[in-house]
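Please find below some remarks on the structure you sent round. They are set out as numbered points and can be read next to the coordinates.

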Amino acid sequence: PYQVNCLLGGVDADGSSKLYWMDYLATMQETKYGVQGHAAHFTLSTLDRYYKEGLTLEEGKELIQKCINEVGIRFLISQPKWK
């Protein structure tokens with residue numbers, strides 16, 4: 001048996017975007033952001049703290065870089081080339 005969690009995203013006819021989280025039991029919930037895998041344990045707290053409605057592209061890039069930095073610091077295996 002396989003278990004899959006999904007992030008589903010799309011754009012409505014009016015141009016608004018939506019993101020949904022669906023777990024392996026098919027429970028689906030609309031969300032503003034999401035991450036998958038082992039790194040989710042480290043990056044969700046960063047997103048909870050710094051995400052806000054209406055982020056600009058540059059603010060979004062800075063937030064993603066904060067998430068990448070957090071994984072680089074907290075991941076169990078040292079990754080010297082991680083950037």
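The points below go from the overall layout to the sheet, its turns, the pocket and a few single residues.

1. Overall layout. The model is a predicted one. The protein chain contains 2 helices and 3 strands, and along the sequence these elements come in the pattern β-β-β-α-α. Of the 83 residues in the protein chain, 10% are buried. Taking contacts between residues at least 6 apart in sequence, 19% join residues at least 24 apart.

2. Sheet. The 3 strands make an open sheet with the order 1-2-3 and antiparallel pairing. Strand 1 (6–11) and strand 3 are the edge strands; each has a single partner strand, so one side of each has no neighbour in the sheet. From one strand to the next the twist averages 30°. As background, strands of a sheet pair through backbone hydrogen bonds, in a parallel or an antiparallel sense.

3. Strand 1 with strand 2. This antiparallel pair is held in register over 6 bridges. One bridge joins Gly10 to Lys18 in strand 2. The two strands form a hairpin with 5 residues between them, and Gly15 in this hairpin takes a positive phi near 95°.

4. Strand 2 with strand 3. Here the antiparallel pairing runs over 4 bridges. Met22 has Met28 in strand 3 as its bridge partner, Trp21 is bridged to Gln29 in strand 3, and Tyr20 stands opposite Glu30 in strand 3. These strands also form a hairpin, with 5 residues between them.

5. Ala26. Which residue in the turn between strand 2 and strand 3 has a positive phi? The residue is Ala26, in the loop between strand 2 and strand 3. Its phi is near 70°, a positive value in a residue other than glycine. Most residues other than glycine have a negative phi, so a reader checking backbone angles may wish to look at this point. Ala26 has a relative accessible area of 53% and therefore counts as exposed, the cut-off being over 50%.

6. Largest pocket. The volume of the largest pocket is about 370 Å³. Its lining consists of 18 residues, and those nearest the pocket centre are Leu19, Lys32, Tyr33, Gly34 and Tyr51. Which elements supply at least two residues each to the lining? They are strand 2 (17–22), strand 3 (28–31), helix 1 and helix 2 (57–74). Helix 2 gives the largest share, 4 residues. By class, the lining residues of the largest pocket divide into 9 nonpolar, 5 polar and 4 charged.

7. Lys32. Lys32 is among the residues nearest the centre of the largest pocket, and its place is in the loop between strand 3 and helix 1. What does Lys32 contact, leaving aside its neighbours within four places in sequence? The contacts are with Leu19, Tyr51 and Glu53. Leu19 and Tyr51 also belong to the group nearest the pocket centre. Lys32 and Tyr51 are 19 residues apart in sequence, while their C-alpha atoms are 8.8 Å apart in space.

8. Thr43. Is Thr43, in helix 1 (residues 40–50), buried or exposed? The relative accessibility of Thr43 is 6%, and because the cut-off for a buried residue is under 20%, Thr43 counts as buried. Not counting residues up to four places away in sequence, Thr43 touches Val35, Cys67 and Val71.

Notes
Residues are numbered from 1 along each chain as its sequence is written. This is a predicted model: local features need pLDDT of at least 70, side-chain atom pairs count only at pLDDT 80 or more; totals for chains, interfaces and linings use all residues. Side-chain values use heavy atoms; hydrogens and water are left out. Buried means under 20% relative accessible area, exposed over 50%, partly exposed in between (1.4 Å probe, protein chains only). Contact means heavy atoms within 4.5 Å. On a 1 Å grid over the protein atoms alone, a cavity is a set of points where a 1.4 Å probe fits but cannot get out, and a pocket is an open set with protein on both sides within 12 Å along at least five of seven lines; lining residues have an atom within 4 Å of a point. Grid points are joined across faces, edges and corners, and a volume is the space filled by probe spheres set on the points. Ala, Val, Leu, Ile, Met, Phe, Trp, Tyr, Cys and Pro count as nonpolar, Asp, Glu, Lys and Arg as charged, and the others, Gly among them, as polar. Two strands pair if DSSP finds at least two bridges between them. Axes are lines fitted to C-alpha atoms, for helices over the stretch in contact, and angles run from 0 to 180 degrees between N-to-C directions.
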